[in-house]
Amino acid sequence: MDIEKNPYRADFPLLAGHPDIAFLDSAATAQRPAAVLDAQRRFYETMNANPLRGLYSLSVEATAAIAAVRAQVAELIGAPDARDVVFTRNTSESLNLVAKSFSPAVLKPGDEVAITVMEHHSNLIPWQQACRAAGARLVYLYPQQDGTLTDEEIAAKVGPRTKIVACAHVSNVMGCELPVRRLADAVHAHGGHLVVDAAQSVPHMPVDVAALGADFLAFSGHKALGPMGVGVLWGRHELLDAMEPMLTGGEMIDSVREQDATWAPVPEKFEAGTQDAAGIYATGAALAYLTETVGYAAVAEREAALVAYAWERLAGLGFVDLIGPADPARHHGVISFNVRGVHPHDVASILDASGVCIRAGHHCAQPLLAWLGVENLACCRASLAFYNDKSDVDRLVDGLTQVWGIFHGND
Ligand code: PMP
């Protein structure tokens, strides 16, 4: 894999227009290819109308466009029925919807919800709240320092009281894949359900709800090259069907009387109000670019080569402490680290002066950073995508050498 060449950069207007920028924050949000920006504009120029609300052809066309993306998402994640794909605003909203609308029916006092300490706050706080509301207990699974969750830990934490296991497919800090299938088998053995946060996997690898054993799966379009403001929740039909909506109003009803109302079928039941129809349409273009124009095989090959190169160079600096698995092959685009004795915010600010964009802070995973014993509950994170190249990594390494020089001289 030739990471000196970059056949993709030209497709991304922001990157093509800013050769000065080394964008290494794709785990927070991806850059968008022109195909996505064009689709967004095309929606407003050629089919703008409120989907579901009109009987005239423009509105029907908008409705059909959304239905086509729903089907596309279903195919992407191996969902048997497109009707079980709910559009939300983002992963956070999707996970909140499950925690708020599914848990009340299954959680009783004394029950347990099990999550890993590697969860993003979006797959953690909703479960704190759901447990508090039900009088249930939130139980944590702890990995080894390299992110590995052992069978012993799973057996110790997932048992007859466990009604829900919620876990990330890929950690946004450690970069590693979690043993979702083993967690599914463990919770299903006790009649519970599995919620998968696929925010960091869908942009990098094929995701199949059946293979994972997921009962619910959430992800965000904006991390997978789509516009901000579109999220997905997929759920097993009978579970979604039995759930109450989290938001009400708009087209999510069947009928409304003065004192009560009944709901439309899934997925409309969960899609109150006017949605970001142009964003959903453009998300379709994003997923097509990701899976057809580029393809997951090329994404994986390129990202693996970039991560391996970055890992070797960062490790070679001698003043960088790398976080997560020691094998770069286990990192899906994400490398977290600290520069010894330098606050991550200082690192990120100095890198920014030379156009290198990385994330610094708690990465919405404070319990994980506390558990890892990371100083100041903060670290740096460089996250790579297929549209990066070797020069982006070289610029990161040059910038870090400069950081070290500023704080420690050249001793
Ligand atoms: N889960 C994970 C693993 C994430 O990385 C993120 C985004 N950093 C989220 C959830 C939340 O995604 P969003 O901000 O799109 O709701």
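Begin with the largest cavity of this predicted model, which has a volume of about 120 Å³. Select S26, P203, H204, K223 and A385: of the 19 residues that line the largest cavity, these lie nearest its centre. The count of cavities of 30 Å³ or more comes to three.

**The largest pocket**

Keep K223 selected and add A27, A28, H120 and C364. These five residues lie nearest the centre of the largest pocket, among the 27 residues that line it. K223 is thus named in both places: nearest the centre of the largest cavity and nearest the centre of the largest pocket. The space in the largest pocket is about 420 Å³. To see which elements build the wall, colour α4 (91-101) and β14, the elements that give two or more residues to the lining. The largest share comes from β14, with three residues.

**The sheet that holds β14**

Stay with β14 and show its sheet. Four strands form an open sheet in the order β11-β12-β15-β14, and the pairing is antiparallel. Which strands are at the edges? They are β11 (320-323) and β14 (359-361), each of which pairs on one side only. On average, neighbouring strands in this sheet are turned by 30° against each other, direction ignored.

Now zoom in on the β11 end of the sheet. Select residues 334-339, which make up strand β12; β12 pairs with β11 in the antiparallel sense over four bridges. For one residue pair to look at, pick V320 and V339: V339, in β12, is the bridge partner of V320.

Two helices come next. Show residues 344-353 for helix α13, which packs on the sheet and touches β12, β14 and β15 (379-383). The direction of α13 makes about 155° with that of β14. Then show residues 390-408 for helix α15, which lies across β11, β12 and β15. Helix α15 runs at about 15° to β12.

**Salt bridges, starting in α15**

Within α15, select D394 and K390 and display their side chains. The two side chains meet in a salt bridge, at 3.4 Å from N to O. D394 and K390 are four residues apart in helix α15, so about one helical turn separates them. Is each residue buried or exposed? D394 is buried, because its relative accessible area is 16% and the cut-off for buried is under 20%. K390, at 21%, is partly exposed.

Extend the selection to E4 and R313. Together with K390 and D394, these residues are linked in a network of salt bridges. The structure as a whole holds 21 salt bridges.

Two further pairs can be compared with the one in α15. Go to helix α7 (residues 151-157) and select K157 and E153, which both lie in this helix, four residues apart, about one turn. Their side chains meet in a salt bridge of 2.6 Å, N to O. E153 is buried, with a relative accessible area of 15%.

Then move to helix α8 (residues 180-189) and select D185 and R181, again four residues apart, about one turn of the helix. The closest N and O atoms of this salt bridge are 3.1 Å apart. D185 is partly exposed at 40% relative accessible area, and R181 counts as partly exposed at 38%.

**Strand β7, last stop**

Select residues 216-220, strand β7. Why is β7 described as largely enclosed by the rest of the structure? Five of its five residues are buried, so the rest of the structure largely encloses the strand. Show the side chains and look along the strand: F216, A218 and S220 point one way, while L217 and F219 point the other way, and all are buried.

Add the strands that pair with β7. Strand β6 (residues 193-197) pairs with β7 in the parallel sense over three bridges. Here V195 stands opposite F216. Strand β8 (residues 231-235) runs antiparallel to β7, and five bridges join the two. To finish, select L217 and W234, which stand opposite each other, with W234 in β8.

Key: Residues are numbered from 1 along each chain as its sequence is written. This is a predicted model: local features need pLDDT of at least 70, side-chain atom pairs count only at pLDDT 80 or more; totals for chains, interfaces and linings use all residues. Side-chain values use heavy atoms; hydrogens and water are left out. Two strands pair if DSSP finds at least two bridges between them. Axes are lines fitted to C-alpha atoms, for helices over the stretch in contact, and angles run from 0 to 180 degrees between N-to-C directions. Contact means heavy atoms within 4.5 Å. A salt bridge is a side-chain nitrogen of Lys or Arg within 4 Å of a carboxyl oxygen of Asp or Glu. Buried means under 20% relative accessible area, exposed over 50%, partly exposed in between (1.4 Å probe, protein chains only). On a 1 Å grid over the protein atoms alone, a cavity is a set of points where a 1.4 Å probe fits but cannot get out, and a pocket is an open set with protein on both sides within 12 Å along at least five of seven lines; lining residues have an atom within 4 Å of a point. Grid points are joined across faces, edges and corners, and a volume is the space filled by probe spheres set on the points.
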